[in-house]
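Trainee: Please take me closely through one part of this structure, and tell me what each term means as you use it.

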Amino acid sequence: MAEDEVQLSPPESLLQLIDNLALFHRRHEEYYSQAPLGQAGGLHERSRMLKALADHWSSVEARKHASAVPFAGAEDLNVPGLVAESGVLFMEGEGEPA
């Protein structure tokens with residue numbers, strides 16, 4: 001009877017393989033159950049930033065330019081406090097500011 005019991009139990013290497021597979025499957029499911037929530041939070045944060053910019057830009061009025069350069073003396077397009085919170089900074093031109 002002892003021989004039958006030995007034959008019925010799976011080999012140790014198969015048990016380790018099953019345990020490893022179950023562990024990594026669990027970690028995989030934990031990540032994919034939490035990742036969408038994190039992505040939704042990031043999307044919500046960016047949408048609030050864009051809404052703040054749109055609200056700020058909707059109240060800005062165009063003025064006559066005293067200079068031939070249309071951007072000389074232009075008002076800041078950034079919402080106060082938004083740069084520190086989100087890191088978004090709108091600038092004209094491609095160089096660093098003076």
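Mentor: The structure holds one aromatic pair, a term for rings of Phe, Tyr or Trp (its six-membered ring) whose centres lie within 6.5 Å, with planes under 30 degrees apart counted as stacked, over 60 as edge-to-face and the rest as tilted. The ring centres of Tyr31 and Tyr32 are 4.8 Å apart and their planes stand at 85 degrees, so this pair is edge-to-face. Bear in mind that this is a predicted model, in which local features need pLDDT of at least 70 and side-chain atom pairs count only at pLDDT 80 or more, while totals for chains, interfaces and linings use all residues. Residues are numbered from 1 along each chain as its sequence is written, and side-chain values use heavy atoms, with hydrogens and water left out.

The protein chain has three helices and zero strands, where helices (H or I, at least four residues) and strands (E, at least two) are DSSP runs numbered from the N terminus. Helix α2 covers residues 12-58, and its 47 residues should span 69 Å at 1.5 Å a residue (1.5 Å times one less than the number of residues); the end C-alpha atoms are 69 Å apart, which agrees. Even so, α2 has a kink of about 25 degrees at Ala35, shortly before Pro36, the bend being the angle between axes fitted to the seven residues ending there and the seven starting there. Ala35 is also buried, as are Gly42, Met49 and Leu53 of α2, and buried means under 20% relative accessible area with a 1.4 Å probe, counting protein chains only. Across the protein chain, buried residues make up 7% of the 98 residues.

How values were computed:
Buried means under 20% relative accessible area, exposed over 50%, partly exposed in between (1.4 Å probe, protein chains only).
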